[in-house]
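Q: I am new to this structure and would like a close look at a single part of it. Could you walk me through one strand and what lies around it?

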Amino acid sequence: MSGNWTLEEAAVYAVTASGNKRIIGPVDGSFRQGRITLLAGANGAGKSTLLETMAGLRALQSGSVALGESSLWEKGKRGKMRLNRSVLLDTGISLQHSEAQWFAPKVSEEFRFSLKPYKLPEVEQEERIRKAMKATGLPLQLADADPWTLSGGQQRRLSLACLLACQPKWLLLDEPTSGLDTAGVSQLLDVLRVHREAGGGAVISTHDLDALLPIADEVAVMEDGLLLQAVPAAEWAAAHASDGAAPQALRVLAELQRTGIEISRNSKADLWPSSSELARALASQFVRHPHEEVQEVIPRSVQPAAAVGMGHQASSDVFISEHRLQHTVTISGTSPYTGVSAAGLASRFDPRALILSYVLLAAAILMQGRWPGIAAAALLTGVVLFPLRAQIRPWIKVIRAYSIMIAAIAFIAGIQLKPFGFEWTNAQFTLLRFSGLLLVMLLGLPMLAMVTPLRVQRAIEQTFGWLSRFKVPVSSAALTVTLIFRFIPLLGSEWQRFATIAHARGKATTQLGSLPVAMLFPVIIPYIRSLLRLAEQLADALEARGIGNPNGKPTRGFVLQFTARDALLMLAALLSATLLIYVNTAV
Amino acid sequence: MKTNLLLQLTGVTVRPFSAAEQEELVAILKNIHLGVEQGEWIALIGRNGSGKSTLLKLIAGFQAGEASGYLDWSDVLTARIGIKAPIVMQQPEASMVGATPLEDLIIMLEQNGVKGELIAEQAAHALVRTGMLKHAHQPVGTLSGGQKQRVAIAGCLAVEAPILLMDEPTAMLDPEAAIHVHEIVRELNRSGIAVIWITQKLDELREGDRVIALEHGEIVFNGAAEGFYDRSGGGAAESVCERLGFEAPYVVQTVWELEKLGVQLTGLPLTPAALAKAVHSR
């Protein structure tokens, strides 16, 4: 079965601190079976998101995605949206940076992980693994190797091979040539040709047009989350021949044409002549007109005339960018950095004031032993958080889970065994304590967004700086805090990356947020490995910039100043805390 | 040492740290002799694992393994406070510490011991030179890969390094951003800063670049870009580029094909524009 992809008004949003943000959409368009479509466009235009959406790895905010007659998402038994299994089995996606994402200790088991959802007989599995390894140029001896020990290029090949073994009708590939050497790229092209001949289709997001444009049928450009009309590859090539980022062969033709040299070509089948074809065409001109001006040579042009005009544009692009560079430099000469001074950093609250205020309020909230006090604290928390609600939004799920947990614990605390019954006072006591904790937690959530690592570092250095006279390594400790700040967000994003890979390869039909429990286990080891690798990279990068050098003597580029605003903030916190304590004792 | 020499490596060999005493590990770099002059552009080429990044770390003065041999810095480098020569890495994410470009630069300058009162001005000036001034206060998470690389380059400028060490800075960028970053560094090079540029993209070579090719930790070629593609020398009609298994850019392949047909162009063009000019002027 299978068929063409149809996207109608498909839109994907992401939850961010500043509200729901559109990533792609509304996307309308179709990808036809038996064709290879390239997705072009700048980084961040939404190419990867579009591929992930088609593979069911992104929930649709609105619109629909369908393969042939079947919709990708369908309503499940309990009204929850589930993915259509047959669409998933027909689709194979390889995500960006597909190396270093292995779940199994052996290459052959890595294949079986991908093949598991297809429920194939053992013989067929063996056969498919062999074929896929051969097609991608992996030696069969590697079947027993640990995938982590393979070279970078081999890991890229393995990732493609795992995909091919599943024999999906559709290949969705994200930057498949990155990290591949010349031989690897030509194997990839062979694989794609065979896939197309067998009636399969492919959507490939790529920057490597030099390699992939020659085998593409169509090019679709993504711009700012929108999918522009796909055009035939030859048409696209003609229109973009002079872009600075166009394949070099196209730019050569455009440059030659600009200097008045036309290249005649017999076959129009390829997008550009091979280097030997071009050389022959050029050489023939030299032979036939040894003394004439080259401009007048060869009237019959096969290249589209549009390229002539584009040639001028290209040269002016270069001019503009150089011009711009000089322009900004001169601006700096006349007005010495207005607006950018270290003082600009101090426009927000002093972290010391924030932390002290928080500690005061938290202490007052935790002292509450009765419901009126908790109610007052909740009211106060609401008032403080209202202007900061955007920072809370990403945490909503966690808060909900925590609230449910509190209710459950309170219920259990209330259960009495002898005699069997429910003791409300016990439950209430627990509920009271945990509610206070919840409020303290809620108040703390926006803190991360309100201070920046450097400001916290400076706050620690300025507060505890005097300790360094007693050989306490204050500035190293402060720098460590900065780096921890830097590393925390990576924990979440790396987990998300591995969960996505496991979801895609395991063909899970749930929404991405809820990875089936059976898939959690294989993800943990590669996740930890990857974190260690990230930490190493970070350490390398810091060393490479001279940060944290033990012999270095760090200076201070700016100093925190306690301002009237900070004093007001602390005064407000003090008043609120006093009020809360009063409520607790008086009521 | 010659006066315009920035640094020199003499007979340097690097082996990975090994846990076992007896185990003789394969050297990452073998007997490297290399001088870097002020203001020159060196393209460092080699396959994955050929030792490019290790060589760069070594030049910057980091411990990259058990090294033997000599590394001589010129007075320009020796006299520097803080880092001798910072490296811009491939992963734009990896090196950013601050929450905004300006914060990132301030942290880097503080850590490198630049005087406090000079920091704001040096940071701002470096942001201007990489065209990042208008993004100085933008949260790092909202910057594109190319913009992050420009911040990293700004960091090297801000500490006033006389040499930029670039470890495949364009590998993770889209073509437009890659061209932009490349062009900015070329501009800085024209202003007199030496650059060592590791790349896998041979179309980033320009006429007059010095190419150093590494294979299995050894320098197998050290000379002008034109020589790297030269097919005439050494008996076998194969250039260093082909011997190392790299695919030459379309322009160079066309020149080779022309040579086969007996057509010699003056000089070796490396860019489409240069090829068109060379063909036209013949």
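A: Happy to help: what follows is a walk around one strand of chain B, with a short look at chain A afterwards. Please keep in mind that this is a predicted model.

Let us begin with strand S6 of chain B, residues 163-167. Is this strand buried or exposed? The rest of the structure largely encloses S6(B), because 5 of its 5 residues are buried. You can follow this on both sides of the strand: Ile163(B), Leu165(B) and Asp167(B) point one way, while Leu164(B) and Met166(B) point the other way, and all are buried.

Now look at the neighbours. In general, strands of a sheet pair through backbone hydrogen bonds, either parallel or antiparallel. On S6(B), one partner is strand S5 of chain B, residues 87-88, which pairs with S6(B) in the parallel sense over 2 bridges. Here Ile87(B) has Leu165(B) of S6(B) as its bridge partner. Another partner is strand S7 of chain B, residues 194-198, which runs parallel to S6(B) and is joined to it by 5 bridges. Along this pairing, Leu165(B) stands opposite Ile196(B) in S7(B), and Met166(B) stands opposite Trp197(B) in S7(B). To get from S6(B) to S7(B), the chain passes through H6(B), and this β-α-β crossover is right-handed.

Stepping back, you can place these strands in an open sheet of 6 strands in chain B, with the order S5-S6-S7-S3-S8-S9 and mixed pairing. Its edge strands are S5 and strand S9 (218-224) of chain B, each of which pairs on one side only. A helix also belongs in this picture: helix H1 of chain B, residues 52-60, lies across S5, S6 and S7, and also across strand S3 (41-45) and strand S8 (210-215) of chain B. The helix runs at about 155 degrees to S6(B).

H6(B), the helix of the crossover, leads on to the other chain. Altogether, 68 residues of chain B are in contact with 60 residues of chain A. Helix H6 (175-190) is among the elements of chain B that give two or more residues to the side touching chain A, along with helix H3 (101-111), helix H4 (116-129), helix H5 (145-158), helix H9 (250-260) and helix H10 (272-280). On that side of chain B, the residues divide into 35 nonpolar, 20 polar and 13 charged.

Across in chain A, you may like to look at strand S9, residues 170-174, which is mostly covered, with 5 of its 5 residues buried. Trp170(A), Leu172(A) and Asp174(A) lie on one side of S9(A) and Leu171(A) and Leu173(A) on the other, all of them buried. Strand S8 of chain A, residues 91-94, pairs with S9(A) in the parallel sense over 4 bridges, and Ser94(A) stands opposite Leu173(A) in S9(A). S9(A) also pairs in the parallel sense with strand S10 of chain A, residues 201-205, over 5 bridges, where Asp174(A) stands opposite Ser205(A) in S10(A). The chain crosses from S9(A) to S10(A) through helix H6 of chain A, residues 182-197, in a right-handed β-α-β crossover.

Note on methods:
Residues numbered from 1 in each chain as written. Chains lettered and ligands numbered in written order. Predicted model: local features only at pLDDT ≥ 70, side-chain atom pairs only at ≥ 80, totals over all residues. Contact = placed C-beta atoms within 7 Å. Nonpolar A, V, L, I, M, F, W, Y, C, P; charged D, E, K, R; others polar. Buried ≥ 20, exposed ≤ 12 C-beta atoms within 10 Å, placed from the backbone. Pairing = 2+ DSSP bridges. Right-handed = clockwise from strand over helix to strand, strands pointing away. Axes fitted to C-alpha atoms, helices over the stretch in contact; angles between N-to-C directions.
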